[in-house]
Amino acid sequence: LRLSNYQIIVQDSIGMGPFYKDIDYNKSKSNYRSWQSSNQIAKKNNPDKLLGNELIFIAQKKIRPSDISQYPFFINASKNATQFELDNKKLFDSRSQWSRNNRIYTEKTPQHFESVIGDKERVLVISPHPDDEIIGCGGTLVKMLTQGREVTILQLTDGRNSGALNGFDDDTRCNARLEEAQKVADYMGFTEVILWRIPDNQININTENTLRLSELLERTKPQIIFAPFVNDPHPDHRDANELLLTALENNQDENTDLIIMGYECWSLLPTNVISTITGEFEKKTSALMKYKIAMRVVDYIGFCENLNAYHHYNTFGMPGYAEAFFPADVKTFATLQNSLKQGEQIDG
């Protein structure tokens, strides 16, 4: 909670165990007053020393200073940027490897998002799991919706394999995260949200799914498609891109001006396009907070805050938040995706 910038207001516990190894179990078990006394001391200073079967906390998000330079990441931005790189070394190493093997597709100076998309109005977001759309491009979608653009979200899977749903019945696991996705769609104001309800790890590149996506492309006629970056190692994310490529090949006549924007989830991409979302970041995190199930196991808000702060500071040298993208036309997207299938370029 503290690492996520929460202030603990109340802390308590219930029950008589388990106990920390530095506590005399037999003495505490036989002496309820001793147990109470130990907890009274711990409540004041050290929640790690609380005893009990369940720990209870009441916490609130700390009030942000009006000056963004006083946000935690930016108080010592250079140091925190370096620490972020160290903490996510595998992601940075994977990006470096990909960039070395694909230099022709990387640029030294990122383009501004607005200059790349121009006046394109129709947007489709391929989201392999509920919350990927917010993690990868949520702030940019807030901005595009404010501008009056049409944003359609395709949620491919039901997200049932989340560790937070272990032990729940099948009906809950199949529906809980999609119910959250609908709440997020209502909050964001998406033009349409489409739920395919595919079980996790079962995005099959077959005739049925290809036809469904081809028909969706024909109906919505997107000018921009957001999809996970091709170097994303998650199997569902890779299958989503393969399905997209197969469908695009069936709609070749409609794709001459289409831009496919690779976004970040489980990978970092070469920052060819940068989208500033300082003004939109609060709504992005508010939307992400509505994905309560996934947030039980991973602090996506903390990760996005550091990632988006890192991109802005690394690009502009000043406090702010930004999302990074890798744009590709259909031909380039096909080349990169086919290279991935053949194992020639991308080492996942």
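What span should the 13 residues of helix H5 have at 1.5 Å a residue, and how far apart are its end C-alpha atoms? In this predicted model, helix H5 covers residues 89-101, for which the expected span is 18 Å. The end C-alpha atoms are 18 Å apart, which agrees with that expectation. The buried residues of H5 are Phe92, Arg95, Trp98 and Ser99. These four cover an arc of only 125° around the axis and therefore sit on the same side of H5. An α-helix has 3.6 residues a turn, so residues three or four places apart point the same way.

The protein as a whole has 348 residues, of which 49% count as buried. Its secondary structure consists of 14 helices and ten strands. Among contacts between residues at least 6 apart in sequence, 81% join residues at least 24 apart.

Salt bridges in the model come to eight. Side chains of opposite charge can pair when their charged atoms come close. One of the salt bridges is formed by arginine 219 and glutamate 192, with the closest N and O atoms 3.0 Å apart. Arginine 219 belongs to helix H9 (residues 207-220) and glutamate 192 to strand S6 (residues 192-198), so the pair ties together parts that are 27 residues apart in sequence. Arginine 219 is exposed, its relative accessible area being 51%, whereas glutamate 192 is partly exposed at 27%.

A salt bridge also joins lysine 221 to glutamate 218, with an N to O distance of 3.0 Å. Lysine 221 is partly exposed, with a relative accessible area of 37%. Glutamate 218 likewise counts as partly exposed, with a relative accessibility of 38%.

Within helix H8, aspartate 170 and arginine 173 lie three residues apart, about one turn of the helix. The two form a salt bridge in which the closest N and O atoms are 3.6 Å apart. Aspartate 170 is exposed, with a relative accessible area of 54%. Arginine 173 is also in contact with phenylalanine 168, a residue of the loop between strand S5 (150-157) and H8. Leaving aside neighbours within four places in sequence, the contacts of phenylalanine 168 are Arg173 and Arg296. Phenylalanine 168 is partly exposed, at a relative accessible area of 40%.

Glutamate 180 is found in the same helix, H8, which comprises residues 170-188. Unlike aspartate 170, which is exposed, glutamate 180 is buried. Why does glutamate 180 have no salt bridge? The nearest side chain of opposite charge, that of arginine 177, is 5.0 Å away, and a salt bridge requires a nitrogen-oxygen pair within 4 Å, so arginine 177 does not qualify. The side chain of glutamate 180 does, however, reach the backbone nitrogen of isoleucine 293 at 3.1 Å. Not counting residues up to four places away in sequence, glutamate 180 touches Lys290, Tyr291, Lys292 and Ile293. Isoleucine 293 thus appears both among these contacts and as the residue whose backbone nitrogen is reached by the glutamate 180 side chain.

Key: Residues are numbered from 1 along each chain as its sequence is written. This is a predicted model: local features need pLDDT of at least 70, side-chain atom pairs count only at pLDDT 80 or more; totals for chains, interfaces and linings use all residues. Side-chain values use heavy atoms; hydrogens and water are left out. Helices (H or I, at least four residues) and strands (E, at least two) are DSSP runs, numbered from the N terminus. The expected span of a helix is 1.5 Å times one less than its number of residues. Buried means under 20% relative accessible area, exposed over 50%, partly exposed in between (1.4 Å probe, protein chains only). The arc is that of the directions from the helix axis to the C-beta atoms. Lys and Arg count as positive and Asp and Glu as negative; His and the chain ends are not counted. A polar contact is a pair of N or O atoms within 3.5 Å; within protein, one must be able to donate a hydrogen and the other to accept it, and residues adjacent in sequence count only if both atoms are side-chain atoms. Contact means heavy atoms within 4.5 Å.
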